[in-house]
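I opened this model to go through its fold and a few loop positions. My entries follow in the order in which I looked things up.

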Amino acid sequence: MASTIAVIVREDPRKSHRPVEALRIALGLAAGEHNVTVVLLDDAPLLLADDTDDLVDVDILEKYLPSFKQLAIPFVITTNTDHLENVLPGLSVQKQSRDAVQRLIATADHTLVF
């Protein structure tokens, strides 16, 4: 049976390479028999913005995003996220309440936090 994995990204992608690294790990996990969901909190939704000039490792991020589109790996952001006005087209992005995000994390078989 496939495991559910929540990859939670909280760090600011303008200040750290860890958010892009978290996406790389999520892609690796999704290549197996796992159901992976990427939860973007705080400033992490900037990873999905159409303007990524300020992000650390943007060249690597641009290589990963097409795979997220192709595999339809879902991204979850909170409904009160004000960082994300223009999302790159083709990504599976769901806005959910903080309570729904907490339930998603609580019910996942495994979580990784970055």
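**Entry 1: the sheet.** In what order do the strands form the sheet? I read the order as 4-3-2-1-5, with five strands in an open sheet and parallel pairing. I note here that the model is predicted. At the edges I find strand 4 (92–96) and strand 5 (110–113). Each of these has a single partner strand, so one side of each is left without a neighbour in the sheet. I also looked up the twist: neighbouring strands are turned by 25° against each other on average, direction ignored.

**Entry 2: confidence.** I checked pLDDT before going further. The protein chain averages 92, and 96% of the residues score at least 70. Confidence is lowest in strand 4, with a mean of 93, and highest in strand 1, at 98. I keep in mind that predicted coordinates should not be read in detail where pLDDT is low.

**Entry 3: strand pairings.** I went through the pairings from strand 1 outwards. Strand 1 (residues 4–9) pairs with strand 5 in the parallel sense over four bridges. In this pairing I find Ala6 opposite Thr111 of strand 5. Towards strand 2, strand 1 is joined by six bridges, and the two run parallel. Here Ile8 stands opposite Val39 in strand 2. Val39 also stands opposite Val76 in strand 3. Strand 2 and strand 3 are paired over three bridges, again in the parallel sense.

**Entry 4: burial of the strands.** Which residues cover the two faces of strand 3? On one side I list Pro74, Val76 and Thr78, on the other Phe75 and Ile77, and all are buried. That makes five of the five residues of strand 3, so this strand is largely enclosed by the rest of the structure. Strand 1 is mostly covered, with five of its six residues buried.

**Entry 5: helix 1 and helix 2.** At what angle do helix 1 and helix 2 pack? For helix 1 (residues 18–30) and helix 2 (residues 58–71) I note about 35°, with the axes 10 Å apart. Their crossing is left-handed. From helix 1, the residues in the contact are Val20, Leu23, Arg24, Ala26 and Leu27. They meet Ile60, Leu61, Tyr64, Ser67, Phe68 and Leu71 of helix 2. I sorted the residues of this contact into nine nonpolar, one polar and one charged.

**Entry 6: the loop between strand 1 and helix 1.** I looked up Asp12, which has its place in this loop. Is Asp12 buried or exposed? The relative accessible area of Asp12 is 10%, under the 20% cut-off, so I count Asp12 as buried. Leaving aside neighbours within four places in sequence, Asp12 is in contact with Pro19, Asp43 and Leu46.

**Entry 7: the loop between strand 2 and helix 2.** I looked up three residues here: Asp42, Val56 and Asp57. Asp42 is partly exposed at 37% relative accessibility. Val56 is partly exposed with a relative accessible area of 26%, and Asp57 is partly exposed with 27%.

Which residues does Val56 contact, leaving aside its neighbours within four places in sequence? I list Pro13, Arg14, Lys15, Ser16, His17 and Val20. With the same neighbours left aside, Asp57 is in contact with His17 and Val20. Val20 is also one of the helix 1 residues that meet helix 2.

I then took two C-alpha separations. Asp57 and Asp42 are 15 residues apart along the chain, and their C-alpha atoms are separated by 19 Å. Val56 and Glu33 are 23 residues apart in sequence and 30 Å apart in space, C-alpha to C-alpha.

**Entry 8: backbone angles.** Most residues other than glycine have a negative phi. I noted two that depart from this sign. Asp42 has a positive phi of about 55° although it is not a glycine. Ala72, in the loop between helix 2 and strand 3, has a positive phi near 55°.

Definitions and conventions:
Residues numbered from 1 in each chain as written. Predicted model: local features only at pLDDT ≥ 70, side-chain atom pairs only at ≥ 80, totals over all residues. Heavy atoms only, no water. Axes fitted to C-alpha atoms, helices over the stretch in contact; angles between N-to-C directions. Left-handed = near helix turned anticlockwise from the far one by under 90°. Contact = heavy atoms within 4.5 Å. Nonpolar A, V, L, I, M, F, W, Y, C, P; charged D, E, K, R; others polar. Pairing = 2+ DSSP bridges. pLDDT = per-residue confidence, 0-100. Buried < 20%, exposed > 50% of the residue type's maximum accessible area, 1.4 Å probe, protein only.
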